[in-house]
Amino acid sequence: MDRVELLENYCKESPNDPFNWYALALEYARINIDRSLALHEKISMDFPSYIPNYYHLAQRYQQLGQTEQAKKCYEKGLVVIEKNKEARAWLELSNAYQNFLFENDLL
């Protein structure tokens, strides 16, 4: 059994665990960017407070040239993180967002 199959089984066994979906989305990022994006979007919809997803979802949008979607994702993630009072996560995503804005001439 390969990693994708294993992670898909974990998702079936525990569909309410966002980490399983997140791990599967990261694994798909290596082999199928569209499937990875779809999984990250699912996590965003089903588990909106799952903080680690925002960075990777924004990255998938960037990879697919969807700059505006990436920008919105960073901004939404920062709001969620602020509400959850996760200072370190906010700093990390904020830095990634600033780099994104700079790299895309959006400052």
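I started at the front of α3, where a side-chain oxygen of Asn32 comes within 3.2 Å of the backbone nitrogen of Asp34. Note to self: this is a predicted model, so local features need pLDDT of at least 70 and side-chain atom pairs pLDDT 80 or more, while totals for chains, interfaces and linings use all residues. Residues are numbered from 1 along each chain as its sequence is written, and side-chain values use heavy atoms, without hydrogens and water.

Next I checked the length of α3 (helices are DSSP runs of H or I, at least four residues, numbered from the N terminus). Its 14 residues, 33-46, should span 20 Å at 1.5 Å a residue (times one less than the residue count), and the end C-alpha atoms are 20 Å apart, which agrees.

Then I looked up burial (buried is under 20% relative accessible area, exposed over 50%, with a 1.4 Å probe and protein chains only). Ser36, Leu37, Leu39, His40, Ile43 and Ser44 of α3 are buried. They fall within an arc of 165° seen down the axis, so they line one face of the helix (the arc uses directions from the axis to the C-beta atoms). Asp34 and Met45 are exposed on the face turned away.

What do the buried residues of α3 pack against? I found α2 (18-28), α4 and α5.

I picked Asn53 in helix α4. Asn53 counts as buried because its relative accessibility is 1%. Beyond neighbours within four places in sequence, Asn53 is in contact (heavy atoms within 4.5 Å) with Tyr22, His40, Ile43 and Ser44.

Conventions:
Helices (H or I, at least four residues) and strands (E, at least two) are DSSP runs, numbered from the N terminus. A polar contact is a pair of N or O atoms within 3.5 Å; within protein, one must be able to donate a hydrogen and the other to accept it, and residues adjacent in sequence count only if both atoms are side-chain atoms.
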